[in-house]
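Visitor: Could you walk me through this one, and tell me how each label is earned?

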Amino acid sequence: MFGGLAAMFDFPVAQAVMARLHPPNVVWGMLFALALLCAFLVGYDHAGLKSRSPFYLLVILDLEFPRVGVVRVERFDQLLVALRDTM
């Protein structure tokens with residue numbers, strides 16, 4: 001009976017979720033450029049070193065396992081769970 005009305009109110013919610021999931025292309029480009037710059041600077045700095053720093057190994061592990069380390073993605077997971085529950 002109220003299918004059209006419910007669909008009308010569901011659309012802004014879906015639009016808000018999609019806006020959170022897809023950053024603009026400019027952001028992706030800037031992140032890519034920043035990653036290249038950082039990789040260049042780290043490679044340039046480590047070219048003359050004989051041993052690896054344990055700090056860099058911890059940073060790499062933290063980025064590799066985002067649900068365990070300092071950088072967390074739990075809020076994004078909660079958004080996806082809420083979206084799945086509405087389906």
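What follows is a short chat about labels and the values behind them.

Guide: Ground rules before we start: this is a predicted model, where local features need pLDDT of at least 70 and side-chain atom pairs count only at pLDDT 80 or more, while totals for chains, interfaces and linings use all residues. Residues are numbered from 1 along each chain as its sequence is written, and side-chain values use heavy atoms, with hydrogens and water left out.

Visitor: What makes the pattern α-α-α-α?

Guide: The protein has 4 helices and 0 strands. Helices (H or I, at least four residues) and strands (E, at least two) are DSSP runs, numbered from the N terminus.

Visitor: Why is L37 called partly exposed?

Guide: L37, found in helix 2, has a relative accessible area of 46%. Buried means under 20%, exposed over 50%, and partly exposed in between (1.4 Å probe, protein chains only), so 46% earns L37 the middle label.

Visitor: And why does V42 get the label partly exposed?

Guide: V42, also in helix 2, comes out at 40%, so it is partly exposed too. As for the buried label, 3% of the 87 residues get it.

Visitor: What makes L37 part of a nonpolar patch on the surface?

Guide: Patch members need over 30% relative accessible area and no salt bridge (a side-chain nitrogen of Lys or Arg within 4 Å of a carboxyl oxygen of Asp or Glu). Nonpolar side chains (Val, Leu, Ile, Met, Phe, Trp, Tyr) are joined within 5 Å. At 46%, L37 clears the area cut-off. The patch is V27, W28, L31, L34, L37, F40, L41 and Y44, with about 880 Å² of accessible area together (Shrake-Rupley method, 1.4 Å probe).

Visitor: Which helices supply the lining of the largest pocket?

Guide: Helix 2 (25–46) and helix 3 (54–64) each supply at least two residues, and helix 3 gives the most, with 6. Among the lining residues are V42 and Y56, whose C-alpha atoms are separated by 10.0 Å.

Notes:
1 Å grid on protein atoms, 1.4 Å probe; cavity = no way out; pocket = protein on both sides within 12 Å on 5 of 7 lines; lining within 4 Å. Patch = residues over 30% accessible without salt bridge, like charges linked within 9 Å, V, L, I, M, F, W, Y side chains within 5 Å.
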